[in-house]
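Reader: I have a sequence and a fold on my screen, and I would like to talk it through with someone. Could you walk me around it?

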Amino acid sequence: MKLLGSPGSPYARKARIAMIEKKVNCEFVPDRPANPGSQVPKYNPLSKVPVLVLDNDKGMIDSSVIVEYFDGIGSGPKLIPAEFKERIAVRQWEALGDGIVDAIVALTHDSRYSESCDKNADWYQKQLKKIEGGLATLERDIGSNEFCFGHAFSLADICAGMVLGYMDRAYASYDWRSKYPGLKRYADKLYVRTSFQQTALPKS
Ligand SMILES: N[C@@H](CCC(=O)N[C@@H](CS)C(=O)NCC(=O)O)C(=O)O
């Protein structure tokens, strides 16, 4: 089994963190879909990462599905609770995290984006509103807790950490630590985990 992903991809990082937390015996293979010779299109018709290449040479796609797979086959505490209401609650955190990352990508990959671009422009404000709304919601809902959901590490924390790590990589000019001190406190604790340290995103 091999996990293909770009070293800088937040979604690949989500799957990589789950792989480490669940002690799954799988190799991470750096592979950017845009690079010539990439194996990604062979296993994912959408040409996106992460993609998990199974032992039967079939591809499993989407970070959400791959995390659930790792949670099922790996050892250690569950990342996604079995109980219905709890599972839906954790999935809500995931949806929020994925949505914030989508907005960071939309903002920072826009051809008009640069450090000196017009921050009042409609296209900029539209994505910024989603990012700030998302970060404010994370900060409010985490409060002074150690974990996003309940009293244990879960997929919800993987997703919150994925967001904050990607802010630092793709949108480093935004000082989220000063604006959301509760998130800074939360992230400082989360980032000492081996799974976060081993998957730290390269600076862009
Ligand atoms: N919903 C997908 C999103 C995956 C995704 O958008 N990956 C980006 C990298 S962060 C990608 O591969 N982009 C290349 C492309 O869209 O061509 C998931 O969670 O796996």
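**How the helices cross**

Author: H1 and H6 meet in a right-handed crossing, with H1 passing H6. Please keep in mind that this is a predicted model.

Reader: Good to know. What is the angle at which the axes of H1 and H6 cross, and what word describes H1 relative to H6?

Author: The two axes come within 10 Å of each other, and they cross at roughly 140°. Angles over 145 degrees would count as roughly antiparallel. H1 is therefore described, relative to H6, as oblique.

Reader: Which residues of H6 do Pro-10, Tyr-11, Arg-13, Lys-14, Ile-17 and Ala-18 in H1 meet?

Author: On the H1 side you have already named the residues, from Pro-10 to Ala-18. Their partners in H6 are Leu-155, Ile-158, Cys-159, Gly-161, Met-162, Gly-165 and Tyr-166.

Reader: H5 packs with H6 too. What is the hand of the crossing in which H5 passes H6?

Author: Here the angle is about 135° and the axes are 12 Å apart, so H5 and H6 are oblique to each other. Ile-131, Leu-135 and Leu-138 in H5 meet Ala-160, Val-163, Leu-164 and Met-167 in H6. The crossing of H5 past H6 is left-handed.

Reader: And H8? How is H6 set relative to H8?

Author: The axes of H6 and H8 come within 11 Å and cross at roughly 110°. In this pair, Asp-157, Ala-160, Gly-161 and Leu-164 of H6 make the contact with Leu-183, Tyr-186, Ala-187 and Leu-190 of H8. Angles of 65 to 115 degrees count as roughly perpendicular, so H6 is, relative to H8, roughly perpendicular.

**Inside the fold**

Reader: Let's look at the interior. Which element gives the largest share of the largest nonpolar core?

Author: That core has 58 residues, and those with the most contacts inside it are Ile-131, Leu-135, Leu-138, Tyr-171 and Trp-176. Two or more residues come from each of H1, H3, H4, H5, H6 and H8. The largest share, 11 residues, comes from H6.

Reader: Trp-176 caught my eye. Which residues is it in contact with, leaving aside neighbours within four places in sequence?

Author: Trp-176 is one of the residues with the most contacts inside the largest core. Leaving aside those sequence neighbours, its partners are Leu-135, Leu-164, Met-167, Asp-168, Leu-183, Lys-184, Ala-187 and Tyr-191.

Reader: Is Tyr-186 buried or exposed?

Author: Tyr-186 lies in helix H8. Beyond four places in sequence, its contacts include Ile-142, Phe-147, Cys-148 and Leu-164. Its relative accessibility is 1%, and the limit for a buried residue is under 20%, so Tyr-186 counts as buried.

Reader: There is a charged residue in H4, Glu-94. Is Glu-94 buried or exposed?

Author: Not counting residues up to four places away in sequence, Glu-94 touches Lys-14, Ser-64, Leu-155 and Cys-159. With a relative accessible area of 4%, Glu-94 is buried.

**The sheet and the loops**

Reader: Now the strands. Which are the edge strands of the sheet?

Author: Four strands form an open sheet with mixed pairing, in the order E2-E1-E3-E4. Within it, E1 and E3 pair in the antiparallel sense over three bridges. Each edge strand pairs on one side only, and these are E2 (27–30) and E4 (59–61).

Reader: What is the bridge partner of Leu-4 in E3?

Author: E1 covers residues 2–5 and E3 covers residues 51–53. In E3, Leu-4 is matched with Val-51.

Reader: Which residues does the cis peptide bond join?

Author: Most peptide bonds are trans. Here omega is about 10°, and Pro-50 is found in the loop between H2 and E3. The cis bond joins Val-49 and Pro-50.

Reader: Last one: Lys-23 has a positive phi although it is not a glycine. Is Lys-23 buried or exposed?

Author: Most residues other than glycine have a negative phi. Lys-23, with a phi of about 55°, is found in the loop between H1 and E2. Its relative accessibility is 64%, so Lys-23 counts as exposed.

Key: Residues are numbered from 1 along each chain as its sequence is written. This is a predicted model: local features need pLDDT of at least 70, side-chain atom pairs count only at pLDDT 80 or more; totals for chains, interfaces and linings use all residues. Side-chain values use heavy atoms; hydrogens and water are left out. A nonpolar core is a set of buried Ala, Val, Leu, Ile, Met, Phe, Trp, Tyr and Cys residues joined through side-chain atoms within 4.5 Å. Buried means under 20% relative accessible area, exposed over 50%, partly exposed in between (1.4 Å probe, protein chains only). Contact means heavy atoms within 4.5 Å. Two strands pair if DSSP finds at least two bridges between them. Axes are lines fitted to C-alpha atoms, for helices over the stretch in contact, and angles run from 0 to 180 degrees between N-to-C directions. Angles under 35 degrees count as roughly parallel, over 145 as roughly antiparallel, 65 to 115 as roughly perpendicular and the rest as oblique. A crossing is left-handed if the near helix is turned anticlockwise from the far one by less than a right angle, and right-handed if clockwise.
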